[in-house]
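Biologist: I am new to this one. Please put the sequence and the model up, and then I will ask my questions.

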Amino acid sequence: MLEARQINFGYGPDPLFLDTDLTLTAGHIYGLLGLNGAGKSTLLKLMTGLLFPNSGQITSCGYDPAQRAPGYLSKVFLLPEELNVPGVSGREFVAVRSPFYPDFDQSRMQRYLDEFEIPGNKQLTALSHGQQKKFLLSFGLACNASLVLLDEPTNGLDIPSKGLFRRLVAEALSEDRTVVVSTHQVRDVESLVDLIVILHEGTVLLNHPLTELSSNLRVSISANRPDDGNGLIYTERTVGGYASVWKHPSSGDGGLDLELLFKAAIASPETCASLLASETKQ
């Protein structure tokens, strides 16, 4: 689906990506995680051709995104973090934009709007931020694009809408589609994504299925701080004790916690990189 090889990019003298490699395959929902400034939004823009790498090569759906070929743009949809909707009604937006996507499904679009309770005839600028996001998300899923990129999609959504978001994205996944969810709200997507990509210090620190991570790592909750060693990767104080991540499944007593995994990977990148290869081989 997408191959990025030896990507170098920066906005100034300090590089953001250094010989970065990334592989995304179809049929998966990726969770893209990273600290503020790690380059998550930049990576999505490189995937769509809104930005160009200084060196290296990206191939997506058989195209070079930097060429911005119409054939490629009809296969990719990006929901940006910062919304800038035009001053038209929802119906006018769909009438103008949907022809760019040959596989656009009008009936599915209407079903999504109904489930999100978004009026299709209202001016988009008159909608709240959360409503605008739900409208654009509905449009993006109805496009039936091969590559769907969602940047902080749950920001501005209430709790019921977050649950509906997870269900609709999961329903929209197919064997020939890739979805990338870039987020700081790890808890919002923990039950949705099946592969995790962690960006850190200009490289892809992890790119692994959650099932594989769960078979290699475990979480424990204890009243006292655990001793270092014996496979302890990360520990933090929580209400009533300590939550810890271990690199031996037998060391813990609970399933993998995605937020703790992210903290452990950032706190001990060398340990995690040595424990798990940085690229998923499928």
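Biologist: How many salt bridges does the structure hold?

Modeller: This is a predicted model, so local features need pLDDT of at least 70 and side-chain atom pairs count only at pLDDT 80 or more, while totals for chains, interfaces and linings use all residues. Residues are numbered from 1 along each chain as its sequence is written, and side-chain values use heavy atoms, with hydrogens and water left out. A salt bridge here is a side-chain nitrogen of Lys or Arg within 4 Å of a carboxyl oxygen of Asp or Glu. The number of salt bridges in the structure is 11.

Biologist: Which residue does Arg111 meet in a salt bridge?

Modeller: Arg111 sits in helix 4 (residues 106-116), and its partner, 60 residues away, is in helix 6 (residues 159-172). Helices (H or I, at least four residues) and strands (E, at least two) are DSSP runs, numbered from the N terminus. The N to O distance is 3.7 Å, and the partner is Glu171.

Biologist: Is Arg111 buried, exposed or partly exposed?

Modeller: Buried means under 20% relative accessible area, exposed over 50%, and partly exposed in between, with a 1.4 Å probe and protein chains only. The value for Arg111 is 35%, so its class is partly exposed.

Biologist: Which residue pairs with Arg167 in a salt bridge?

Modeller: The two side chains come to 2.2 Å, N to O, and the partner of Arg167 is Glu115. Arg167 lies in helix 6 and the partner in helix 4, so the bridge ties together parts that are 52 residues apart in sequence. Arg167 is partly exposed at 36%. At 28%, partly exposed is also the class of the partner, Glu115.

Biologist: Which residues are in one network with Arg187?

Modeller: Start with one pair: Arg187 and Glu190 form a salt bridge at 3.8 Å, N to O. Arg187 has a relative accessible area of 45%, and Glu190 has 26%. Salt bridges with shared partners then join Arg187 to Glu190, Glu236, Asp257, Glu259 and Lys263.

Biologist: Which strands stand at the edges of the open sheet?

Modeller: The sheet has 3 strands in the order 10-12-11, with antiparallel pairing. Two strands pair if DSSP finds at least two bridges between them. The edge strands each have a single partner strand, so one side of each lacks a neighbour in the sheet; they are strand 10 (218-222) and strand 11 (232-238).

Biologist: What is the bridge partner of Ile221?

Modeller: Strand 10 pairs with strand 12 (residues 241-246) in the antiparallel sense, over 5 bridges. In strand 12, Ile221 is matched with Ala243.

Biologist: Which element gives the largest share of the lining of the largest pocket?

Modeller: On a 1 Å grid over the protein atoms alone, a pocket is an open set of points with protein on both sides within 12 Å along at least five of seven lines, a cavity is a set where a 1.4 Å probe fits but cannot get out, and lining residues have an atom within 4 Å of a point. The largest pocket holds about 600 Å³, where a volume is the space filled by probe spheres set on points joined across faces, edges and corners. Its lining has 20 residues, and Val76, Phe77, Leu78, Arg97 and Tyr101 lie nearest the centre. The largest share, 3 residues, comes from strand 5.

Biologist: What is the volume of the largest cavity?

Modeller: The structure holds 2 cavities of 30 Å³ or more. Ala4, Ile7, Phe17, Thr20, Leu43, Leu46 and Ile58 line the largest one. Strand 1 (2-9), strand 2 (17-24) and helix 1 (40-48) each give two or more residues to that lining. The volume of the largest cavity is about 40 Å³.
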